[in-house]
Amino acid sequence: MVHLRRKIISLASVINQQQQNVRWSSSLKVKDENSVPHVSPKRDSFKYADLSVRFANPHELRPKPATNQLSFGKHFTDHMLKIHYYEALGGWQAPEIMPFENIVLHPAAKVLHYAVELFEGMKAYRGVDGKIRLFRPELNMERMNNSAVRSGLPVFRGDELIKCLTRLINIDQEWVPHSTSSSLYVRPTYIGIEPTLGVGVTDSALLYAILTPVGSYFANSGHNGVSLLADPKYIRAWPGGCGNSKLGSNYGPTIQVQQEAADKGLHQVLWLYGEDHQLTEVGTMNIFMVYINDDGKKELITPPLNGLILPGVVRNSLLAISREWNQYDVSERTITMAEVIQLLSENRVLEMFGAGTACVVSPISYIQFIDQGLHIPTLEQPEPIHEMLKKHLLDIQYGVIPDHPWSLTVQ
Ligand SMILES: *Cc1c(COP(=O)(O)O)cnc(C)c1O
């Protein structure tokens, strides 16, 4: 029976038919489940061992863009990964790697109405030794499962997805740029696809991953530091909300604010929260400040994971590296605009920067806060901490430090 089931599921046309069944099953759930003889108990996860691969034909292979012409997320590789979940078929289905293609959705699919969507962002780096590495992918898997729980989507085993992603990257390995200023961005995406309009838990889902070679996130602004719009009338995340999950619904509403910043000639948005104007994040990066504390010592601070902050892999790594170095104080605590302004007036702010996978470490040089323009002297420091941290991180990611425990070698 298991054999027969596998065979059935491997046929795309039958899957489509099953999708139809799933469509009707929502109103007939109990009857349906009892009447379908081959339904097995729900599987807790898909398995890498069940992965099938269908290679693109040579004529389907896409031209690779020149490394110096990469913009963020514009060119995609030849293959993708897809994993379906159908409650009516017993849960998780076998993972499939296939030529990159459009996905077809029912117009009532929950993702299209209620934004049942989450994603991850990680990178595959081609090291100085030619090996391809991932950086702490298990943290992305943990975060992805947390986002899934918040979205009512089924969880899965992170190590199984890492193995599937590794295989995908391996197949498209020529797309990993031969350059230490570029990388292959990996975008796992997870959507609810049940074709019913009820605002409820989806009974079917699609987890897929696409790959895109990327250069520098900020095409031409990174070197002079980024300038920020800090307008307290916009709020990205709030207590009890889901700002600490990577849900697509957190980002769509930020685009207009980002546009407003751009219209004012500023690069990014500094997201504030509360009456006391707490600094939370910069665009899609975690924020850090280096300053002289009340004891006269250098201190690196970043806001705590209080529900308003996306738990960044880079954030976690910079804190861990800093604590290990033990050359300056490190703390996770709330930072307010009043404090920044006070410290600036005492010349005690040394550096501010954003940190995340896409842009690594991004120095901040200016904040427009209501009607005040604040110059941040990040780029004027003789031995900036953000530069030391960035170098160390890149040395791990690009294999200059070859066998670091945070590296997972793909190939
Ligand atoms: C993805 C993201 C980050 C950075 O997370 P990393 O895991 O370090 O890439 C920070 N803030 C927001 C809002 C994000 O979406």
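The expected span of a helix is 1.5 Å times one less than its number of residues, and I start there because the helices of this chain will be held against that rule. What you have in front of you is a predicted model, in which local features need pLDDT of at least 70 and side-chain atom pairs count only at pLDDT 80 or more, while totals for chains, interfaces and linings use all residues. Residues are numbered from 1 along each chain as its sequence is written.

Let me begin with the chain as a whole. It has 10 helices and 19 strands, where helices (H or I, at least four residues) and strands (E, at least two) are DSSP runs, numbered from the N terminus. Of its 411 residues, 40% count as buried; a residue is buried if 20 or more other C-beta atoms lie within 10 Å of its own, exposed if 12 or fewer, and partly exposed in between, with C-beta atoms placed from the backbone. If we take the contacts with a separation of 6 or more, residues 24 or more positions apart account for 73% of them, two residues being in contact if their C-beta atoms, placed from the backbone, lie within 7 Å.

Now the ligand. Its shell holds 13 residues, the closest being Gly312, Val313, Val314, Gly356 and Thr357, and a residue is near a molecule if its C-beta atom, placed from the backbone, lies within 6 Å of it. By class, the shell divides into 4 nonpolar, 6 polar and 3 charged residues; here Ala, Val, Leu, Ile, Met, Phe, Trp, Tyr, Cys and Pro count as nonpolar, Asp, Glu, Lys and Arg as charged, and the others, Gly among them, as polar. Which elements each supply at least two residues of that shell? They are β13, residues 285-292, and α8, residues 313-325, and the largest share, 3 residues, comes from α8.

That brings us to α8 itself. Its 13 residues should span 18 Å at 1.5 Å a residue, and because its end C-alpha atoms are 18 Å apart, the two values agree. The buried residues of α8 are Val313, Val314, Arg315, Ser317, Leu318, Leu319 and Ser322, and these pack against α5, β13, β14, β15, β16 and α10. The helix is followed by Asn326, whose phi is positive, near 60°.

Two of those packing partners are helices, so let us take each in turn. α5, residues 137-151, has 15 residues and reaches 21 Å from its first C-alpha to its last, close to the 21 Å expected. Its buried residues are Pro137, Asn140, Met141, Arg143, Met144, Ser147 and Ser151. They cover an arc of only 165° around the axis, which puts them on the same side of α5, the arc being that of the directions from the helix axis to the C-beta atoms. Just after the helix, Gly152 takes a positive phi of about 70°.

In α10, 13 residues reach 18 Å from first C-alpha to last, close to the 18 Å expected. Ile385, His386, Leu389, Ile396 and Gln397 are the buried residues here. They cover an arc of only 100° around the axis, and therefore lie on the same side of α10. Gly399, just after α10, has a positive phi of about 70°.

Next, Lys246, which carries an annotation: the unreviewed UniProt entry places "modified residue: N6-(pyridoxal phosphate)lysine" at this position, and such annotations may be inferred rather than shown by experiment. Lys246 is found in the loop between β10 (226-230) and α7 (255-263). Is Lys246 buried or exposed? It is buried, because 25 other C-beta atoms lie within 10 Å. Leaving aside its neighbours within four places in sequence, Lys246 is in contact with Leu118, Phe119, Glu120, Arg143, Ser147 and Leu310.

Leu118, one of those contacts, sits in strand β5, residues 117-119, and is buried, with 27 other C-beta atoms within 10 Å. With the same four places set aside, the contacts of Leu118 include Met144, Ser147, Ala148 and Ser151, as well as Lys246.

I finish with two loop residues. Most residues other than glycine have a negative phi. Asn347, in the loop between α9 and β16, nevertheless has a positive phi of about 55°, and Ile370, in the loop between β17 and β18, has one of about 50°. Asn347 is exposed, with 10 other C-beta atoms within 10 Å, and Ile370 is likewise exposed, with 10.
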